[in-house]
Amino acid sequence: MTNVELQQRIDSEYRWGFVTDIEQEPFPKGLDETVIQRISATKGEPAFMLDWRLRAYRHWLTRREPGWATVHHPPIDYQSIYYYAAPKSGGGSNRPKSLAEVDPQLLATYEKLGIPLREREALAGVAVDAVFDSVSVATTFKAKLETLGIVFCSFSEAVREHPDLVRQYLGSVVPYTDNFFASLNSAVFSDGSFVYVPKGVKCPMELSTYFRINASNSGQFERTLIIADEGASVSYLEGCTAPRRDENQLHAAVVELIALKDARIKYSTVQNWYPGDAEGRGGIYNFVTKRGECRGDNAHITWTQVETGSAITWKYPSCILRGDNSVGEFYSVALTNHHQQADTGTKMIHIGRDTHSTIVAKGISAGHASNAYRGLVKVLAGADNARNHTRCDSLLMSPDCAAHTFPYIEVKNPSAQVEHEASTSKIGEDQLFYLRSRGLGEEDAVNLIVNGFCKEVFKELPMEFAVEARKLLAVSLEGAVG
Amino acid sequence: MLQIRNLHVAIGGKPILNGIDLTIHPGEVHAIMGPNGSGKSTLAQVLAGRDGYDISAGSVHYLDKDLLPLTPEQRARAGIFLAFQYPLEIPGVANVQLLRTALNGQRRARGEAEMDAIDFLEYVKDKLVLLGMDDSFLYRSVNEGFSGGEKKRNEILQMAVLEPRLAILDETDSGLDIDALQVVAHGVNSLRGPERAIVLVTHYQRLLNYIVPDQVHVLAGGRIVRSGGRELAEELDSKGYAWLDDKAEFIEASP
Ligand SMILES: Nc1ncnc2c1ncn2[C@@H]1O[C@H](COP(=O)(O)OP(=O)(O)OP(=O)(O)O)[C@@H](O)[C@H]1O
Ligand SMILES: [Mg+2]
């Protein structure tokens, strides 16, 4: 197969690019303290929340965009963005109390995306929080979870109903001073999901949030906070899509995970924001800060991500291994095509003794895309017997794409064992011919090779998500065969 | 079943096959021998539909249809199978996954019902027994970390699962120990039948003691310079290819 044919194969249509025609209630464009006050007031927030937002905003004004990632984009005009957009029928305090009150158009949108919100139609065993532009429009299975003491609700609701938990944990892993985009998010975040799993409770179902950007020229700034108390465990899934538009849209989220003693959090993402068209027009700028802390001994945090969307992805889901014996894992597949750019990886910060971390990063680049793995493994002086194993593999599908690996290692304790393996390979014509000579069509052959390449990561995903991820990869790799 | 007429093939302007003529009938076994670099694998790969060859003259008909316009997968679905001289590794793809995808792909293309996972497992286990292979082979990545001999055996496993009508085995015997050779030969022989044909590319007459060919051909300089019965293989084994050189040179030199 020639390179041209291979490229045609991986070109594909973005199937989630439709727009929901719904009446919006945006604030005026641009950002100042008044906008922040209005966001806070709309949500009926307590004073501490507004105060925190304003401190974050003032800090943000002193910061500059980071310049170290291998990504390129024209300057972002932060005054031409809508910082708050909500469907008129469901925003702020008008949030529907039950599904019966949710605008049918919104229900139809999620159905079209394959996320039915009516519980009897929903995937058994998965509770969903649906975030549409700036607000959460519905959360399923809430009542069932409440009987176990599990809190799963929109962030806005958590601020109102569980202010003490929010106050105690918000910003405790990603402070508002952390980085430019985290500061911006802390000032203007509009909604997101909140999870609290009490001591000793194993959450019986997957919790998930589905983020949808619909409004044009709006930014999406969601905030997710997940706390697993001592001995608790939870698996959380995140999915995202956006309409096809010619302009770039900013998505700057913050996710904080806190795992206390003996707790376990598994956080899985399938990120499929609109990636822009074949010429690189439009697409989401996905500038996200995700970090988890193993705050107690024997805590365990696993990040699994499948990143196929966005014009630019800038994200480093990380683990602070503070508790002794705690474990951090990062499993990643990042696929970039056309002019997409991804700079993604992780940081594993070993603080406690006998802490272990595993990093498996798989990058697939096609077209003119660029794909960078950037990772830091840091072992502090007190982290006796820390262990890390890192494996980074790149698969190149075209002659014009690029793959980079930037592993940083800082070790302050001589007992540490840090291993790094890396490989770069081209999808081979020989492999394709081999599979085709067994009767597999070109498309199936490419999919089989790519799926094999990603296997170590996919096996970390919850079953339904693994199926989704495989399909998504197949779609991202599919095209009009000549 | 297969008619090759005056086939000329070049790679990047370099002629490799210079007029191959070969006819194979259903039920027959043909052996192709010849020195290194004479074009045996090229012929095998051209028949399986590999890209990148310039077919400048000649024709190939399979089951009375023009074979050359077909893609590799169409040929596979029509019953052609090539056991590779150098089987490829597909990391992360379990052998059983490839086998089932391939078989069901072919069945679908032929309008037959697909085999479900359970039926398939039973089916493939019989084939494993036939080839003296362990179940664990099913769950290892395709050829990854396989020894040279295991890779060859795995090619025969694929063949046994797919049950092709025309199987082309490119040096499947190279690198096999005596026991493995007998097992593989048994696997090939059990596929023989009046509807099927087999082409064995080999350097060693040894294989032909186990799989007795109807015809033996010698490929040299991109041409079949000699054809005969199995005694030709024995002659080659004792004399080498040198005694054929005169004829090859004569043909090369012709106008
Ligand atoms: N892709 C290629 N580019 C250039 N030359 C090639 C290519 N493939 C094969 N050749 C050449 O074609 C000739 C025939 O090769 P082929 O592999 O068909 O030989 P063979 O008869 O199978 O040899 P062996 O017994 O060593 O397996 C050789 O000279 C080889 O170098
Ligand atoms: Mg050869």
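This report describes the surroundings of ligand 1 and of the magnesium ion (ligand 2) in a predicted model.

**Magnesium site**

The protein supplies the magnesium ion with the donors B:S41 (OG) and B:Q85 (OE1), which lie 2.0 to 2.1 Å from the ion. These two residues link distant parts of the chain, being 44 residues apart. B:S41 belongs to helix α1 (residues 40-48) of chain B, while B:Q85 sits in the loop between β6 (80-83) and β7 (90-94) of that chain. B:S41 counts as partly exposed because its relative accessibility is 22%. B:Q85, with a relative accessible area of 16%, is buried.

**Surroundings of ligand 1**

Ligand 1 is surrounded by 14 residues, and the closest are B:G37, B:K40, B:S41, B:T42 and B:H203. By class, this shell consists of eight polar, three charged and three nonpolar residues.

Polar contacts to oxygen atoms of ligand 1 include those in the table.

| Residue | Part with the N or O atom | Distance to an oxygen atom of ligand 1 |
|---|---|---|
| B:G37 | backbone | 2.9 Å |
| B:T42 | side chain | 2.5 Å |
| B:Q85 | side chain | 3.0 Å |

The protein buries 62% of the 640 Å² that ligand 1 exposes when taken alone. In chain B, the elements giving two or more residues to the shell around ligand 1 are β2 (14-24) and α1. Helix α1(B) provides the largest share of that shell, with three residues.

B:Q85 thus appears at both sites: B:Q85 (OE1) is a donor of the magnesium ion, and the B:Q85 side chain has an N or O atom 3.0 Å from an oxygen atom of ligand 1. B:S41 is likewise a magnesium donor through OG and one of the closest residues around ligand 1.

Methods
Residues numbered from 1 in each chain as written. Chains lettered and ligands numbered in written order. Predicted model: local features only at pLDDT ≥ 70, side-chain atom pairs only at ≥ 80, totals over all residues. Heavy atoms only, no water. Donors = N, O, S within 2.8 Å, 3.2 Å for Na, K, Ca; no water. Helix = DSSP H or I, 4+ residues; strand = E, 2+ residues; numbered from the N terminus. Buried < 20%, exposed > 50% of the residue type's maximum accessible area, 1.4 Å probe, protein only. Near = heavy atom within 4 Å. Polar contact = N/O pair within 3.5 Å; in protein donor to acceptor, adjacent residues only side chain to side chain. Areas by Shrake-Rupley, 256 points an atom, 1.4 Å probe, with all protein chains shown as cover. Nonpolar A, V, L, I, M, F, W, Y, C, P; charged D, E, K, R; others polar.
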